[in-house]
Each structure stands twice: as C-alpha cells, then as structure tokens.
Amino acid sequence: MVAMRVLIVDDEEDVRRIAVLSLKHVGKMDVAEAASASVGLEMAIELRPDVILLDVMMPGMDGPEVLARLRERPETASIPVVFVTAHALPAEIEHLKRLGAISVVTKPFDAMELPKLISEVVR
Amino acid sequence: MNGGEDSRHGDAVLDETTIESLRELGRRSGTDLVSEIVELFLRIAPERVNAIRSGVDRSDTDAVERAAHALKSSAGNLGATALASSCALLETEARAGHADGMRRHFASIESELARVVPALERLAGRTPTGLTHDGGADVS
C-alpha cells in the first residue's frame, strides 16, 4: 500500500514537529513540511501531495489566502486541504469549510490521533 | 522525567493526557519529544510574552492578538490548559479592541506562566529558573 503523502504548512515549529512525527511514525505517512505560506505554496506545486494540512493564522499570507491560490492553479486546484486552527468556535469552523477545506482540525490536537483524523477525511 | 506531580492532581498545571500522548509519540519515534517541545516552549515563550507586553503598552491590538494566539497554541501543545485559556481570553479582548481587558488578561498570563514554567522545567529534567530574557515570568 502506498503511503499517503502529506504536506504540513505551519509557521509554528512545535506544531510542525508534533504533526510530522505523528503522521510519520503513527500514521506511516510520507510527510513534508513548510514553515511559511510562500514556501508551502511552492512545495505544493512541486510535490502535489495527497493532502495539505494548512495552518489558518500565519504571518504574511494566511491559510485562506493560500487555499485560494492553490485553487487558482490547475496543478494544485484539486488537492484536498485540511485547515488547522486554534479558533475552535463552530461558526469559524463552518466558515473555513465553506472556503473549500475538506475538514478542520483544531489545535491542540492529540499527538496520537492526528493520523486517524486525516485518514478519515482523505480516504 | 518527573512531571507526575505537576499533572496528577485536580488543579494540575499540565494536562496529563496531553503529556502522555507526547510521551507515547516520543517512544514511537525514538525521540525525547516531551523535552524537545518543552525546550521549544521555553525558548519561544519569552519572545511572545514580550510581544504581548509591548503590544498591551502601545494598545496595539493586532500585535497582541497575534502573540496571544501563538502563545495559546504553544501552551496547548503541552497541556497547559489554564495558560492557553488566559491567552484565548486575551486574544478575544485584543480582537474586540478592548485595551483594559488586554491588561487584565495579560496579568493572568503572567501568573499562569509562573506556575507553568517551573512545571515544564521539572518535566524536562531542568533546574527551575523561570523564563529568562525579560520574559515576564521569572519565578526564581
């Protein structure tokens, strides 16, 4: 079985570290990471991952803007995006889904449960 | 690691379930993940606290909102739930543009940090020294 390829885009080093280890070692996924929105966009175009975990609140370009740019390009338009946010209000989560995310993961997430959350919404 | 006493009781500074998940992930990945994330927190938190303090002093609600959001996330990763809640309240006040509320909640963050930082230091096997670099929680 081919491992799911995941790109994590988050400016927070601790969140990335936990997510990378969790998806690699618990989820047995193939993981790449970007510490900024602009690098994340470049990596998405280059790698064409199966799913992108996209932080909502980042300096410079925020998650919704990254998603809009991904949707503008044919090579990234159909990549599923899961928003990751520390704003857990239901209205905010609904708003993010309406922007086109397939799901929303709230921070902090359980380090051992993240792969399950991702697998459930992607496959 | 010896974080049990900080996370075992009802008024725990750190949530034991969160710490145990990190421990388990550390075991699975062959890393000392808890210590690593604690060290990251202790390195990053002073900058964030200073950014909040400076933003509160200048009534810069955008700066306070960003820094409080980031500190909330870091605190949540380590199960420092009361600190994360104080950060969330500050973030909300900043978004609403309430300068007085920002000052009040920043004071709560400072007192929470005075409990959280020594607990994290013990968890990582460090001698408690408090946040450095004028991070606002020197508990020594």
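**Close-up 1. A salt bridge links R43(B) to E13(A), with 3.3 Å between the closest N and O atoms.** Here a salt bridge is a side-chain nitrogen of Lys or Arg within 4 Å of a carboxyl oxygen of Asp or Glu. By that rule, the interface of chain A and chain B holds two salt bridges. This is a predicted model, with local features needing pLDDT of at least 70 and side-chain atom pairs counting only at pLDDT 80 or more, while totals for chains, interfaces and linings use all residues. Residues are numbered from 1 along each chain as its sequence is written, chains are lettered from A in the order in which they are written, and side-chain values use heavy atoms, leaving out hydrogens and water.

**Close-up 2. Chain A meets chain B.** Contact (heavy atoms within 4.5 Å) brings in 18 residues from chain A and 24 residues from chain B. Together the two chains bury about 2000 Å², 63% of it on carbon and sulfur atoms; that is accessible area (1.4 Å probe) lost on being put together, summed over both. On the chain A side, D14(A), M57(A) and M112(A) lose the most area to chain B, together 27% of what that side buries.

**Close-up 3. A β-α-β unit in chain A.** Strand β1 (residues 5-9) runs parallel to strand β2 (residues 30-34), paired over five bridges; pairing takes at least two DSSP bridges. Within this pair, I8(A) sits opposite E33(A) of β2(A). Add helix α1 (residues 13-26) of chain A, and β1(A), the helix and β2(A) make a right-handed β-α-β unit: with the strands pointing away from the viewer, the path from the first strand over the helix to the second runs clockwise. Helices (H or I, at least four residues) and strands (E, at least two) are DSSP runs, numbered from the N terminus.
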